[in-house]
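Visitor: I'd like a close look at one single part, taken slowly, with whatever surrounds it brought in as you go. Where would you start?

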Amino acid sequence: MQIKVGKMLQQGKLLTADPRSGILSFCPKEELEGMIQCTWQECTASLPEDEIYLLPDDCTFKRVQQCSTGRVYCLRFT
């Protein structure tokens, strides 16, 4: 699954929007026993900038209600 998204940068306790646009991809990796590869790649780049591996029950993806100026979601690990 791929989604066109930006990303947020953390500066202390404040989050600010990264001006670049990118693609967030989720790809199951059967060879890694059910883990899901999650990558963020800038639209004009050829390689991912961020890459993490997720366990299906190890994280949540929720909307940040405090953001009143846009749509911000948080991928939080338990």
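Guide: Strands (E, at least two residues) and helices (H or I, at least four) are DSSP runs, numbered from the N terminus. With that settled, let's start at S25, which sits in strand 4. Before going further, keep in mind that this is a predicted model, in which local features need pLDDT of at least 70 and side-chain atom pairs count only at pLDDT 80 or more, while totals for chains, interfaces and linings use all residues. Residues are numbered from 1 along each chain as its sequence is written, and side-chain values use heavy atoms, with hydrogens and water left out.

Strand 4 is one of 8 strands in the chain, which has 0 helices. Read from one end of the sequence to the other, that makes the pattern β-β-β-β-β-β-β-β. The C-alpha atoms fill a box of roughly 40 × 30 × 20 Å along the principal axes.

Back to S25. Is S25 buried or partly exposed? For the terms, buried is under 20% relative accessible area, exposed is over 50% and partly exposed is in between (1.4 Å probe, protein chains only). S25 counts as buried because its relative accessibility is 14%. Across the whole chain, buried residues account for 18% of the 78 residues.

Who does S25 touch? Contact here means heavy atoms within 4.5 Å. Ignoring neighbours within four places in sequence, S25 is in contact with M1 and Q2, and also with Q37, C38 and T39. Q41 can be placed relative to S25 as well: the two are 16 residues apart in sequence, and their C-alpha atoms are 8.3 Å apart in space.

Two positions along, C27 is also in strand 4. C27 counts as partly exposed, because its relative accessible area is 33%. Its contacts, with neighbours within four places again left aside, are M35, I36 and Q37, and Q37 also turns up on the contact list of S25. M1 comes back too: the C-alpha atoms of C27 and M1 are separated by 6.7 Å, although their positions lie 26 residues apart along the chain.

Now for the core that strand 4 helps to build. A nonpolar core is a set of buried Ala, Val, Leu, Ile, Met, Phe, Trp, Tyr and Cys residues joined through side-chain atoms within 4.5 Å. The largest one has 6 residues: L24 and F26, then C38 and W40, and finally L54 and C59. Strand 4 (22-29) and strand 5 each supply at least two residues of this core. In soluble globular proteins, nonpolar side chains tend to be buried together. L54 is a handy core member to click on: beyond four places in sequence, L54 touches F26, C38 and C59, and also M35, I36, L75 and F77.

What about the loops? G34 is in the loop between strand 4 and strand 5. With a relative accessibility of 28%, G34 counts as partly exposed. G34 touches K29 and P56, not counting residues up to four places away. From G34 to L54 of the core, the C-alpha distance is 8.9 Å, with 20 residues of separation in sequence.

P48 is in the loop between strand 5 and strand 6. Like G34, P48 is in the partly exposed class, with a relative accessible area of 38%. P48 touches T39, W40 and Q41, residues up to four places away not being counted; W40 is one of the core residues, and T39 is among the contacts of S25. P48 also has a C-alpha distance of 9.6 Å to G22, 26 residues away along the chain.

One last stop is a ring pair. Rings of Phe, Tyr and Trp (its six-membered ring) pair if their centres lie within 6.5 Å, and planes under 30 degrees apart count as stacked, over 60 as edge-to-face and the rest as tilted. The search of the whole structure finds 1 aromatic pair. F61 and Y73 form it, stacked, at 5.7 Å centre to centre and 15° between the planes. The pair links distant parts of the chain, with F61 in strand 7 and Y73 in strand 8, 12 residues apart. F61 is partly exposed at 48% relative accessible area, and Y73 is partly exposed at 44%.
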